[in-house]
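Thanks for coming. I have one structure to go through today, so let me put it on the screen.

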Amino acid sequence: MGKAFENIRLERDGALALVVVDRQDRLNALNTATLVELLAALSDVSADESVRVLILTGAGDRAFVAGADVHEMVDRGYLEALRFAELGQKVCAALEEMPKPCIAAINGYALGGGCELAIACDFAYASTDALIGQPEVNLGIIPGFGGTQRLLRRIPAGLAREMVITGRMLEADEALRVGLVNAVYAPDELLDAAHETARAIAEKGPLAVARAKRLMALGLDLPLGAANALERESFAGLFATEDQTEGMRAFLAKRKPEFRGR
Ligand code: COA
């Protein structure tokens, strides 16, 4: 780590990495440069064995991410739009596929690409002033970073369809009720809450956490029987790790385990 970024910040706090999208004059909208930086930061975090959890949020007190950058997109043609969507989808896939949990801390607008980033994370917390949605139809386009598909898999299908087709945005309480976010906090308590959960995750066996994350992502696209077969193999595979021995011995000895990710 230690790269200089212009549109994001990457901060470390022990086993926690905090990625902050920081383009406040554009409500943290995602232009190409920001997506490229996000991809680099996520690749660093993914490869850094000392990091066990990532928190993603937006700078300032108004927005998580207010969408893809409309200023940049307005004059685009087919090929540029395709490349942009590919880049955005790579960033979302990087969040989903990295072997450590990602928590979205939605501190305001999470629109378009912002909603798509949030639902590529393992789960999300929101501030009371969050507004979450896929308003692309207002601009004559559709989500391009996986929103039409991930939203369908995250919340009831009818609601996902309504959000994408009408552009209706959800306030925090509704997002909580439908399970789009797991908890809602006052704006000044949101990051602390995300940190507290992240610290708790960082104390679990990292190989087990990584496997659980991967299995639950893969399983969504598999028939139940195949997904359960994969679970059995993964379960058994963890018995070949030092972490399993340490976790169970520590439990029996009534002491705290020291997981090493081996
Ligand atoms: N792309 C580029 N710039 C954006 C942006 C986006 N998605 N969202 C906000 N901004 C910029 C605005 O252009 C404005 O810049 P300016 O001061 O140079 O004009 C600045 O951020 C502040 O936004 P503004 O619209 O003035 O704030 P607001 O409080 O009136 O409204 C929103 C906030 C989020 C409701 C409104 O900005 C909005 O609808 N944004 C677009 C959301 C969207 O459609 N996202 C999906 C894109 S695919």
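I will take the ligand site and then the internal cavity.

This is a predicted model, where local features need pLDDT of at least 70, side-chain atom pairs count only at pLDDT 80 or more, and totals for chains, interfaces and linings use all residues. Residues are numbered from 1 along each chain as its sequence is written, and side-chain values use heavy atoms, with hydrogens and water left out.

The ligand has 18 residues around it, and Arg62, Ala66, Ala68, Val70 and His71 come nearest; a residue counts as near if one of its heavy atoms lies within 4 Å. By class, the shell holds 10 nonpolar, three polar and five charged residues. Now the individual distances. A side-chain N or O atom of Arg62 is 2.4 Å from a ligand oxygen. For the side chain of His71, an N or O atom is 3.0 Å from an oxygen of the ligand. Ala66 uses its backbone: an N or O atom there lies 3.0 Å from a ligand nitrogen.

On to the cavity. How many cavities of 30 Å³ or more does a search of the whole structure find? One, with a volume of about 40 Å³. A cavity here is a set of points, on a 1 Å grid over the protein atoms alone, where a 1.4 Å probe fits but cannot get out; lining residues have an atom within 4 Å of a point. The volume is the space filled by probe spheres set on the points, which are joined across faces, edges and corners.

The lining includes Ile106, Cys115, Ala118 and Arg154. It divides into eight nonpolar residues, no polar ones and one charged.

Note on methods:
1 Å grid on protein atoms, 1.4 Å probe; cavity = no way out; pocket = protein on both sides within 12 Å on 5 of 7 lines; lining within 4 Å. Nonpolar A, V, L, I, M, F, W, Y, C, P; charged D, E, K, R; others polar. Polar contact = N/O pair within 3.5 Å; in protein donor to acceptor, adjacent residues only side chain to side chain.
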